[in-house]
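Here are a few short exercises to work through with the model open in your viewer. Try each task before you read its solution.

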Amino acid sequence: MSQYDDRMNKKAVALRYDENRDVAPVIVASGLGYLAEKIVEIANENGVPVYEDNSLATVLTQLDLGTAIPEELYQAIVDIYTYFLKYTPKHSMEAAQQGGGESVVEESVPPGQQEEKSENE
């Protein structure tokens, strides 16, 4: 698989959840290929946690921007937020506990089909 194919197969979705405003997490950005890479890059630059899940990224990229996560996906999203609460730096945990938070779900590329990632990715 070429580097171009690797890039074009990437997917990313950014979610926002504000318990005072949202009934469920909302899709605020979604993209494939270069746009997916840019979403993840911006998330990393701004301390937004990134979670890799190929299946979930595939499903979420099919939904429209501004869409609340459907009930069928609640458990998957809860698992991600729980993961972030357990493993994120202290300042990210405080933000999540204050009722707001953002996250990015990214497709992971199978081993052997992905370029070496830099330390920041």
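**Exercise 1. Find how much surface the protein chain exposes, and what share of it carbon and sulfur atoms supply.**

Solution. Keep in mind that this is a predicted model.
- Step 1: The exposed area of the protein chain comes to about 7800 Å².
- Step 2: Carbon and sulfur atoms supply 49% of that area.
- Step 3: Now turn to the inside: 31% of the 121 residues count as buried, where buried means under 20% relative accessible area.

**Exercise 2. Describe the fold of the protein chain by its helices and strands.**

Solution.
- Step 1: Count the elements, and you get five helices and four strands.
- Step 2: Put them in sequence order, and the pattern reads α-β-β-α-β-α-α-α-β.
- Step 3: Check the contacts with a separation of 6 or more: 71% of them are between residues 24 or more positions apart.

**Exercise 3. Work out which residues of H2 are buried and how they are arranged around the helix.**

Solution.
- Step 1: Start with the geometry. H2 has twelve residues and spans 16 Å from first to last C-alpha, close to the 16 Å expected at 1.5 Å a residue.
- Step 2: Pick out the buried residues of H2, which are Ala36, Ile39, Val40 and Ala43.
- Step 3: Look down the axis of H2. The buried residues fall within an arc of 90°, so they line one face of the helix.
- Step 4: Turn to the face pointing away from the buried side, where you meet the exposed residues Tyr34 and Glu45.
- Step 5: Go just past the end of H2, and Gly47 shows a positive phi of about 70°.

**Exercise 4. Is Ile39 buried or exposed?**

Solution.
- Step 1: Locate Ile39 in helix H2, residues 34–45.
- Step 2: Compare its relative accessible area of 11% with the cut-off: Ile39 is buried because 11% is under 20%.
- Step 3: Take the distance to Val13. Ile39 and Val13 are 26 residues apart in sequence, and their C-alpha atoms lie 7.6 Å apart in space.

**Exercise 5. Assign Val13 and Ile39 to their nonpolar cores.**

Solution.
- Step 1: The largest nonpolar core has eleven residues, among them Val13, Leu15, Leu56 and Phe84.
- Step 2: Strand E1, helix H3 and helix H4 each supply at least two residues of this core, and H4 gives the most, with four.
- Step 3: Ile39 belongs to a second, separate core of five residues, which also includes Ala12, Ala14 and Ala36.

Technical notes
Residues are numbered from 1 along each chain as its sequence is written. This is a predicted model: local features need pLDDT of at least 70, side-chain atom pairs count only at pLDDT 80 or more; totals for chains, interfaces and linings use all residues. Side-chain values use heavy atoms; hydrogens and water are left out. Buried means under 20% relative accessible area, exposed over 50%, partly exposed in between (1.4 Å probe, protein chains only). A nonpolar core is a set of buried Ala, Val, Leu, Ile, Met, Phe, Trp, Tyr and Cys residues joined through side-chain atoms within 4.5 Å. Contact means heavy atoms within 4.5 Å. Accessible areas come from the Shrake-Rupley method with a 1.4 Å probe; for residues, only the protein chains shown count as cover. The expected span of a helix is 1.5 Å times one less than its number of residues. The arc is that of the directions from the helix axis to the C-beta atoms.
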